[in-house]
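Please look over the chain shown here before reading on. The paragraphs that follow go from one contact to the open and enclosed spaces, and then to the aromatic rings.

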Amino acid sequence: FESWYLLGKCYSYMAEDDMTWTSDKLIALDKKKITASYQRKAIVCHLMAINTFNKTYKAEPNIKNEDETVLEAIFESLGEILMMAWFQPMKGLCFHQDLDHVLCMDSNGELYQTGATSVLTISEHNVKHLMLCCFDIANLHVAKDQVMDSSSKWLVPFYKAKVSYKAGRRFNDYKSSALAACFASTSEKSSKASFIMEPHYFIVSQCYKLVCNGVLSVSEALTFLKQDNDIFELEESFWACDSITMTTFNEKLVEMLETLIALDKKKWYHRPKYRIATIYAYSLANTEKAIEFMEELVCAASPNKSLVTIWKPDHELPGKHFVYITQYIKFYLKLLFEKKDLAKIGQVSKKLRKFGSNMLKSNEIQDYATKMYAELVKMFYRFDEKEIVESFLPQISNTVFTRISKKVLETSPSLNSNEEALNVLFETNDQRKASYTQYDDLCIAL
């Protein structure tokens, strides 16, 4: 059974390699299907390993301790592969079956051919239930200290808590697993340089979401988070719940997240900065502070051609790096639109054209940036470019347009003094040159 497990790990590593270094194989569907086939083979090999183990020990019930250790590794690895396969960016592609064109007959006896389709062969509920079964079984071995890698002591309960949340389980069903992961990662930490953030960030982020959704009260969330105070090292008064407001609670969450950032000596972890930005934007109504934190992740004004500069932490699932980059850029554009910062939206839009291979949905995000830019220009100068291009300009002859244009330039000294409007026109024209026809009507209207 070890051979099946190792073969499965080989296929898993091939899939990970496709998903880690560039987003090319996550964007093109044909390439993505090849990665999905590696994941499918990895899952089958792990299932074969479990099946072979069961057959081997059906006759001989006395299982060797070293085999128990390998079994834990198999279930943990299978659960992790299922997470990689089902969640973004793969979105369960390995569980889809492509169906070719099928010849059918309608009720009138006429023949027709269906198009090629892709059918999901397993339900979302069953995949998530299988993940939880894998981590439950692996957790039993972790409790007996039957592990090949010491990181399993915190990874298994962490994955169990994470999948439980995504499967819609109640908080009470997975809060003990989340805390167990926090305690195990703290004991695993040999020095400040090897700080493991994932489980600590997870419980803070979870409490924020659950309080916002009305699942937990503020006092329940703080009481839960206090159990991990060995890592936060905050004073007793910090955890007081008497007459605490939502604003105060959110400010406390920001302080906890900033504590986690300070503990990250390698500066690898980026999720806490994003979470702080979302708290400032959505819960504390402070767009300026949200932008301040996002600009630690997104470099719009930097001369460096890279738009987002973040590292991939050791235990981040392959492919999630590109999902986060896409998420950060879109959120940053949304904040800039709220601030009405036309210049920086233009800077982001320019950099996006050279940044496509480092993110997902590059065309969609480029269109989003173009839309934000155009909306702000129309908002500032109060015009409808469609009305100008389709109704106003066709009524004017070229001769009249040329004559009046010269007259405007000769008799309007204030035109050159309106530097802001000219800069917007020049910037929009630059955007038009790089974006083909997306900005044509906007330039004409300006």
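Over the ring of which residue does the charged end of Lys-166 sit? The model is a predicted one, and in it the charged end of Lys-166 lies over the ring of Phe-87, 5.2 Å from the ring centre. A second contact of this kind involves Lys-252, whose charged end sits over the ring of Phe-238, 4.3 Å from its centre.

Lys-166 and Phe-87 also appear in the lining of the largest cavity, together with Met-83, Lys-162, Leu-317 and Lys-320. These lining residues divide into 3 nonpolar and 3 charged, with no polar ones. The space inside comes to about 40 Å³, and the structure holds 1 cavity of 30 Å³ or more.

Lys-320 has a place in the largest pocket as well. That pocket has a volume of about 1,100 Å³. It is lined by 41 residues, and those closest to its centre are Gln-88, Arg-271, Lys-320, Val-323 and Tyr-324. Several helices each give two or more residues to the lining, among them H3 (29–59), H6 (152–166), H12 (271–283) and H14 (320–339). By class, the pocket lining divides into 20 nonpolar, 8 polar and 13 charged residues.

It helps to set these spaces against the chain as a whole. The secondary structure of the protein chain comes to 21 helices and 4 strands. Its C-alpha trace spans about 100 × 75 × 45 Å along the principal axes. Of the 446 residues in the chain, 46% are buried.

Helix H4 shows one element in detail. This helix covers residues 65–86 and has 22 residues. From the first C-alpha to the last, H4 reaches 32 Å, close to the 32 Å expected at 1.5 Å a residue. H4 is mostly covered, with 19 of its 22 residues buried. Asn-65 is found in this helix. Its relative accessibility is 49%, so Asn-65 counts as partly exposed, given that exposed means over 50%. Asn-65 and Gln-146 are 81 residues apart along the chain, while their C-alpha atoms are separated by 7.4 Å.

The aromatic rings come next. A pair of aromatic rings is described by the distance of the centres and the angle of the planes. The count for this structure comes to 16 aromatic pairs. In one of them, Phe-171 and Tyr-174 have ring centres 5.6 Å apart and planes at 90 degrees, so the pair is edge-to-face, the cut-off for that class being over 60 degrees. Phe-171 and Tyr-174 are 3 residues apart in helix H7 (residues 171–188), and therefore about one helical turn separates them. Both Phe-171 and Tyr-174 are buried.

Phe-171 also pairs with Phe-224. Here the ring centres are 5.0 Å apart and the planes stand at 80 degrees, so this pair too is edge-to-face. Phe-171 lies in helix H7 and Phe-224 in helix H9 (residues 218–226), so the pair ties together parts that are 53 residues apart in sequence. Phe-224 is buried, as is Phe-171.

Elsewhere, ring pairs link Phe-135, Trp-154, Phe-158, Tyr-159 and Phe-202 into a cluster.

Terms used: Residues numbered from 1 in each chain as written. Predicted model: local features only at pLDDT ≥ 70, side-chain atom pairs only at ≥ 80, totals over all residues. Heavy atoms only, no water. Expected span 1.5 Å × (residues − 1). Buried < 20%, exposed > 50% of the residue type's maximum accessible area, 1.4 Å probe, protein only. 1 Å grid on protein atoms, 1.4 Å probe; cavity = no way out; pocket = protein on both sides within 12 Å on 5 of 7 lines; lining within 4 Å. Points joined across faces, edges and corners; volume = space filled by probe spheres on them. Nonpolar A, V, L, I, M, F, W, Y, C, P; charged D, E, K, R; others polar. Phe/Tyr/Trp six-rings, centres within 6.5 Å; stacked < 30°, edge-to-face > 60°. Lys NZ or Arg CZ within 6 Å of the ring centre and 35° of its normal.
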